[in-house]
Amino acid sequence: MEPSSELDASQSQAVHADAGPLIVAAGPGTGKTRVFSHRVARLIRDLHASPRSILAVTFTRSAAAEMRGRIRGLLAGSGADLGELWIETCHAAAFRILREEAYPYQGEFSILREEDKPGLLEGLLPSSERASLLDEIRGLKQGLQWPQSGPALAFQQRLQERRLLDFDDLFLFVLRLFDEKPESLKRWRQRFDHVIMDEFQDTSLAQYRFISRLAGEDFCVIGDPDQSIYGFAATPFSPFAQFRRDHPGCRVLSLTENYRSQAVILDAAKQVIARNRAQVPRCLRARLQRGLPVDISGHQSDRQEAEMIARRVEGLLGGASRFTVDSGWAQTGEEARCHGLADIAILYRLNAQARLFETALERAGLPYVTYGKKIKKDGVLIDEAEDLEDFRDSETAAPRGEAITLMTVHRAKGLEFPVVFLTGCEDGVLPFRRAADGRRAEPRIEEERRLFYVGMTRARQRLFISYARQRFLFGKTLKLAPSAFVADIAEELRRIQEQESPPRKRPGLQPDLFNL
DNA sequence: AACGGGCTTCTTTTT
DNA sequence: GAAGCCCGTT
Ligand SMILES: Nc1ncnc2c1ncn2[C@@H]1O[C@H](COP(=O)(O)OP(=O)(O)OP(=O)(O)O)[C@@H](O)[C@H]1O
Ligand SMILES: [Mg+2]
């Protein structure tokens, strides 16, 4: 692994950019997250900023944990430590402030988990109307409005009786706190001289308002508009555009060198994303050598897809290095059995797709870890983060570190793997389209394309794209065409293998997706 | 209260 | 296919 201390010229410029509103907008694998950690480390180590004056915002808790480790590593030997540095998600930062301010309640209060929300409406509404009320409440809160009347208000009162906040409330309350108690806002603003955010493209309006109120002169946001994949979860909002409006004349830096993916993979990904309108012309160059073509395979069925991937994985695993993490080979551009289990990720659009892979991997005796799937234990939903370790004992799954990773593309955001299988690349699955008869049959195609792009750009050395002609989903067997995204990859960058169909004569005119 | 048949719905997810 | 929900029956 390359030393994580190196920076190229643009990265260095971003790290050393003076305090002042700063956007770092750059493509995947260009070292945005590296810049983030170095910028924080530099503040502490070189500029002697007090760690407690820094607020570093990440998208997930696991990213926060990893960031903590990276920064600690960068500070090692300098005598400095992390002190009271805040590395938090937006939600966690809001929650911490509310707790420290004992607002809106003295003493204990807690967060209502998403799955417990409907229960709170017990007796208030027939359960068939609960979901839509919760949607309505979310809509209100996302627009920074408090529920004012009707069952929405009743829900809010029930939260209050139980000293509970839902996730959206965190921002409503912290913003209200700042409005009601200017002295409190002043204190927090004075504390956080330096605010930095990663994955800024997925910041919601409420989150942005919250962080903006805390931030002073030194406010740095880092992200990639082409990797915005959580639009579905919030009301439409363009954080980069808003930041520019709020900070006219802010500095805008970009990073153009991709250190993650071999050139063929990156070029293929660029061809796909090129179909989305770019606000700013894209510039992204591979630093690694070309590598092997993107491997595209079509299968007769979803089961076949899973079986073939399991076999493929076996072929990739190096004998001796089978259990080494990220063995760092394949710079040679040669196919080789040199990978460890932890080097390999199987990515998919829908959690429901995971099961077939689990079955196939189990049959092949290959250890894996599935992330994010809702897990029930004795009929009760358990929280993965805390309880997965125990849970694993009772299942076939393996401990982290020597297992294949199974997760949705959404979850893979920000991560990288030497070998990536991007699966279920069918029209209707990726891009996902709700059941054909539904009104909202139109997928939000640009976001789906970004998702595909995120999936592709997780790969360092090998990218396998696969689709099935037939898939069993939601109780129906669907006939599916390959995703149009696949056809956007130029011939010279890919190698296609269509698994031959069972003996059935087909007319010569077979629509060939790849010769559009 | 507990059972079961018929009905609908079912992404992606942060906390 | 599985789960949740409604509603009528035991
Ligand atoms: N200057 C550099 N020299 C060598 N390797 C680098 C350099 N900068 C970054 N890398 C490596 O490139 C990979 C991608 O870096 P990083 O995760 O920071 O990119 P990113 O822009 O945050 O990607 P994403 O958009 O997917 O979040 C990592 O493996 C990182 O160690
Ligand atoms: Mg990153």
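Start by selecting the shell around ligand 1: its residues divide into three nonpolar, eight polar and eight charged. Keep in mind that this is a predicted model.

**Stop 1: the ligand shell**

Show the residues that surround ligand 1; there are 19. Label K32, T33, R34, E416 and R458, which are the closest. Now color by domain. Domain 1 (9–94 + 173–256) and domain 3 (263–320 + 335–498) each give at least three residues to this shell. Next, highlight helix 2, residues 32–45. Helix 2 supplies three residues, the largest share of the shell.

**Stop 2: polar contacts of the ligand**

Zoom in on the oxygen atoms of ligand 1. Pick T33 and show its side chain: an N or O atom there sits 2.8 Å from a ligand oxygen. Move to G31, where a polar backbone atom is 3.1 Å from an oxygen of ligand 1. At T30, a polar backbone atom lies 3.3 Å from a ligand oxygen. Then turn on the surface. Ligand 1 taken alone exposes 630 Å², and the protein buries 92% of that.

**Stop 3: DNA strand B**

Select the residues around DNA strand B, 17 in number. R61, F167, R349, N351 and T408 come nearest. Sugar and phosphate make up 50% of the strand B atoms that come within 4 Å of the protein. Color this surface by class: eight residues are nonpolar, five polar and four charged.

**Stop 4: the phosphate oxygens**

Which residue has a polar side-chain atom 2.5 Å from a phosphate oxygen of DNA strand B? Select T408 to see it. For N351, look at the backbone instead: a polar atom there is 2.9 Å from a phosphate oxygen. Finish at R411, whose side chain places an N or O atom 3.0 Å from a phosphate oxygen of strand B.

Key: Residues numbered from 1 in each chain as written. Chains lettered and ligands numbered in written order. Predicted model: local features only at pLDDT ≥ 70, side-chain atom pairs only at ≥ 80, totals over all residues. Heavy atoms only, no water. Near = heavy atom within 4 Å. Polar contact = N/O pair within 3.5 Å; in protein donor to acceptor, adjacent residues only side chain to side chain. Areas by Shrake-Rupley, 256 points an atom, 1.4 Å probe, with all protein chains shown as cover. Helix = DSSP H or I, 4+ residues; strand = E, 2+ residues; numbered from the N terminus. Nonpolar A, V, L, I, M, F, W, Y, C, P; charged D, E, K, R; others polar. Domains from an automatic or database assignment.
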